[in-house]
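Colleague: Before we discuss this chain, could you show me the sequence and the structure together?

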Amino acid sequence: MSETTLDQTEGSRNEAVDPSLEEGTDDDTVSSAVDSFPPISIDEKLTNSERFKAEGNAWVGQREYAKAKKSYDNAFVHLFTSKEEWETILSAQDKDRINRFKVPLHLNRGLCRMKLDDLENALWDLSESLRLDDTNVKGRYRRGLVKIEMADRMMKKEEEGKYWDIDRVQTLIDEAKKDLLAAVNGAPRDRNIREALGRLKPLENRLGQFRVQYKTQQRELFSGFLKASATEATDTGDEEDHQEEPQRLPMPPLELVSVPEL
């Protein structure tokens with residue numbers, strides 16, 4: 001695999017873009033793909049979907065990622081299969097054809113979502129591509145990049161004084177490393193993958209510094225709490241030791257009474 005292929009779309013073709021399809025998924029497209037009767041054959045579904053996939057690839061070549069993403073959305077629409085059809089009608093071979101066709105669609109739409117800064121949905125697409133084919137190098141590489149970016153953004157919240165989950169960041173870094181190591185095994189000479197792996201070490205170092213910082217803050221907070229409790233207890237004891245007895249009022253003078261003799 002060459003060094004540049006990981007930033008390209010799957011199944012790229014030099015085909016002209018149909019201007020009538022620029023805006024991507026619309027009601028007519030969905031209706032024709034889902035409500036057709038009699039049901040569309042698998043060959044027809046794949047042919048129609050391929051048309052939008054090629055359109056999306058062309059848009060990616062022009063760096064029109066929003067338009068490309070809509071084209072890939074349409075490609076998925078034309079692959080729609082009801083649960084009943086999937087479970088009772090389609091053969092194992094047809095299911096495999098559809099799933100294999102979906103892999104590059106998920107990869108390409110995931111790339112568009114990365115470029116559009118939609119990381120959560122990019123992560124979903126790339127995970128779907130790996131669910132369907134866990135050996136695809138591009139899926140591992142791109143998902144690793146997404147997780148690196150998500151971890152980096154979460155740690156930047158520290159500078160903004162915002163809450164972030166340190167354990168979640170650790171998970172993202174660990175998962176990114178796992179994906180990128182799998183990718184480098186599949187493409188050991190690819191420079192892009194190795195550069196992505198190189199981004200992990202600084203992230204791990206920053207996260208380690210934050211952990212030390214948080215532990216120090218926790219110790220100081222706990223120490224301050226103990227000192228405050230001890231001071232409060234001492235002050236209370238002193239007040240009890242030096243408490244003055246209540247002042248006693250003087251007894252009234254006794255009045256002399258004469259007792260007559262009997």
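**Helices, core and confidence**

Modeller: Helix α6 has 14 residues, and its first and last C-alpha atoms lie 20 Å apart, close to the 20 Å expected at 1.5 Å a residue. Helices here are DSSP runs (H or I, at least four residues) numbered from the N terminus, and the expected span is 1.5 Å times one less than the number of residues. This is a predicted model, in which local features need pLDDT of at least 70 and side-chain atom pairs count only at pLDDT 80 or more, whereas totals for chains, interfaces and linings use all residues. Residues are numbered from 1 along each chain as its sequence is written, and side-chain values use heavy atoms, with hydrogens and water left out.

Colleague: Which helices do the buried residues of α6 pack against?

Modeller: Buried means under 20% relative accessible area, with a 1.4 Å probe and protein chains only, while exposed means over 50% and partly exposed lies in between. The buried residues of α6 include Leu119, Ala122 and Leu123. The helices that these buried residues pack against are α5 and α7.

Colleague: Is His106 buried or exposed?

Modeller: His106 is placed in helix α5. Leaving aside neighbours within four places in sequence, its contacts (heavy atoms within 4.5 Å) include Trp124, Asp125 and Ser129. Because its relative accessibility is 4%, His106 counts as buried.

Colleague: How far apart are the end C-alpha atoms of α7?

Modeller: Helix α7 covers residues 137-156, and 17 of its 20 residues are buried,. At 1.5 Å a residue its 20 residues should span 28 Å, which agrees with the distance between its end C-alpha atoms, 29 Å.

Colleague: Which helix gives the most to the largest nonpolar core?

Modeller: A nonpolar core is a set of buried Ala, Val, Leu, Ile, Met, Phe, Trp, Tyr and Cys residues joined through side-chain atoms within 4.5 Å. The largest one has 31 residues, of which Val169 and Ile193 touch the most other members. Domain 1 (41-134) and domain 2 (136-229), with bounds from an automatic or database domain assignment, both give residues to this core, so it lies between them. With 9 residues, the helix that gives the most to this core is α7.

Colleague: What is the mean pLDDT of the protein chain?

Modeller: pLDDT is the predictor's confidence in each residue, from 0 to 100, and it stays under 50 over residues 1-7 and over residues 11-25. In the protein chain, 70% of residues reach 70 or more, and the mean pLDDT is 82.

How values were computed
Helices (H or I, at least four residues) and strands (E, at least two) are DSSP runs, numbered from the N terminus.
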